[in-house]
Amino acid sequence: QVQLIESGGGLVQAGDSLRLSCTSPVRTFSGYALAWFRQAPGKERDFVAAIGWSGTGNNTDYTDSVKGRFAISRDNGKKTMYLEMNLLSPEGTAIYYCAGHFGIATAPRLTSEYHYWGQGTQVTVSS
């Protein structure tokens, strides 16, 4: 079982920034395609951003609503993935989850494609 651990959530005001982290002790971290999803109360878990495994040059993907405001990155030496979130709005209030899939070049957008999940970190944006 691969362990993914999110951190960095919190309560912020609209317009603020926040950086989430997702770390894992797994030895083959660089071989995982990784993604961030979020789930607001009463809603489904939605795709936010993804980053491919290191062998493909870390190609990235974003849902339209966060393009230009969020940035996903990874540091394989630290076995950590990041989500830099800028210009947050109350619509960003959700539990944010990181997810991993080993050995695929491009990180998918579907939750069903991911084998490993973290426990989530709460982000609350007040207006």
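Is Trp 117 buried, partly exposed or exposed? With a relative accessibility of 22%, Trp 117 counts as partly exposed, because the buried class ends at under 20%. The points below take up this residue again, after the overall picture; throughout, it should be kept in mind that the model is predicted.

1. Overall make-up. The protein contains 11 strands and 0 helices, and when read from the N terminus its elements follow the order β-β-β-β-β-β-β-β-β-β-β. Among the contacts that join residues at least 6 apart in sequence, 60% are between residues at least 24 apart.

2. Dimensions and surface. Along the principal axes, the C-alpha trace spans about 40 × 25 × 25 Å. The radius of gyration is 14 Å, which agrees with the value near 14 Å that a compact globule of 127 residues would have. About 6400 Å² of the protein is exposed, with carbon and sulfur atoms supplying 48% of that area, while buried residues make up 43% of the 127 residues.

3. The largest nonpolar core. In soluble globular proteins, nonpolar side chains tend to be buried together. Here the largest nonpolar core has 27 residues, and the members that touch the most others are Trp 36, Leu 83, Met 85 and Tyr 96. At least two residues of this core come from each of the strands β3 (18–23), β4 (32–39), β5 (45–51), β7 (70–75), β8 (80–85), β9 (94–102) and β11 (121–126). A second core, separate from this one, has 8 residues, including Ala 33, Ala 35, Phe 47 and Ala 99.

4. The surroundings of Tyr 96. When residues up to four places away in sequence are not counted, Tyr 96 touches Trp 36, Leu 83 and Met 85, among others, and these three are, like Tyr 96, among the core members with the most contacts to other members. The residues that Tyr 96 touches also include Glu 6, Arg 38, Gly 120 and Thr 121, as well as Leu 20, Phe 37, Val 48 and Val 123.

5. The disulfide. A search of the whole structure finds 1 disulfide, and it joins Cys 22 to Cys 98 with a distance of 2.1 Å from S to S. The two cysteines belong to distant parts of the chain, since Cys 22 is in strand β3 and Cys 98 in strand β9, 76 residues apart. The link is right-handed, with 60° about the S-S bond, and both Cys 22 and Cys 98 are buried.

6. Aromatic pairs. The structure holds 6 aromatic pairs. One of them is formed by Tyr 32 and Tyr 116, which are edge-to-face, with 6.1 Å from centre to centre and 65° between the planes. Tyr 32 is in strand β4 and Tyr 116 in strand β10 (residues 116–117), so this pair ties together parts of the chain that lie 84 residues apart in sequence. Tyr 32 counts as buried, at 7% relative accessibility.

7. Trp 117 and its partner. The pair of Phe 37 and Trp 117 is tilted, because the ring centres are 5.1 Å apart and the planes stand at 55°. Phe 37 lies in strand β4 and Trp 117 in strand β10, so the pair ties together parts that are 80 residues apart in sequence. Phe 37 counts as buried at 0% relative accessibility, whereas Trp 117, at 22%, counts as partly exposed. Together with Phe 47 and Tyr 114, these two residues form one aromatic cluster.

8. Two further residues. Ala 40 lies in the loop between β4 and β5, and once neighbours within four places in sequence are left aside, Ala 40 is in contact with Thr 93 and Ala 94. From C-alpha to C-alpha, Ala 40 and Ala 14 are 16 Å apart in space, with their positions 26 residues apart in sequence taken as the separation. Asp 75 has its place in strand β7 and counts as partly exposed, at 26% relative accessibility. Leaving aside neighbours within four places in sequence, Asp 75 is in contact with Phe 29, Thr 80 and Tyr 82. The C-alpha atoms of Asp 75 and Ser 30 are separated by 8.7 Å, although the two residues are 45 residues apart along the chain.

How values were computed
Residues are numbered from 1 along each chain as its sequence is written. This is a predicted model: local features need pLDDT of at least 70, side-chain atom pairs count only at pLDDT 80 or more; totals for chains, interfaces and linings use all residues. Side-chain values use heavy atoms; hydrogens and water are left out. A nonpolar core is a set of buried Ala, Val, Leu, Ile, Met, Phe, Trp, Tyr and Cys residues joined through side-chain atoms within 4.5 Å. Buried means under 20% relative accessible area, exposed over 50%, partly exposed in between (1.4 Å probe, protein chains only). Helices (H or I, at least four residues) and strands (E, at least two) are DSSP runs, numbered from the N terminus. Contact means heavy atoms within 4.5 Å. A disulfide is a pair of cysteine sulfur atoms within 2.5 Å. The radius of gyration is taken over C-alpha atoms; the globule rule is 2.2 Å times the number of residues to the power 0.38. Accessible areas come from the Shrake-Rupley method with a 1.4 Å probe; for residues, only the protein chains shown count as cover. Rings of Phe, Tyr and Trp (its six-membered ring) pair if their centres lie within 6.5 Å; planes under 30 degrees apart count as stacked, over 60 as edge-to-face and the rest as tilted.
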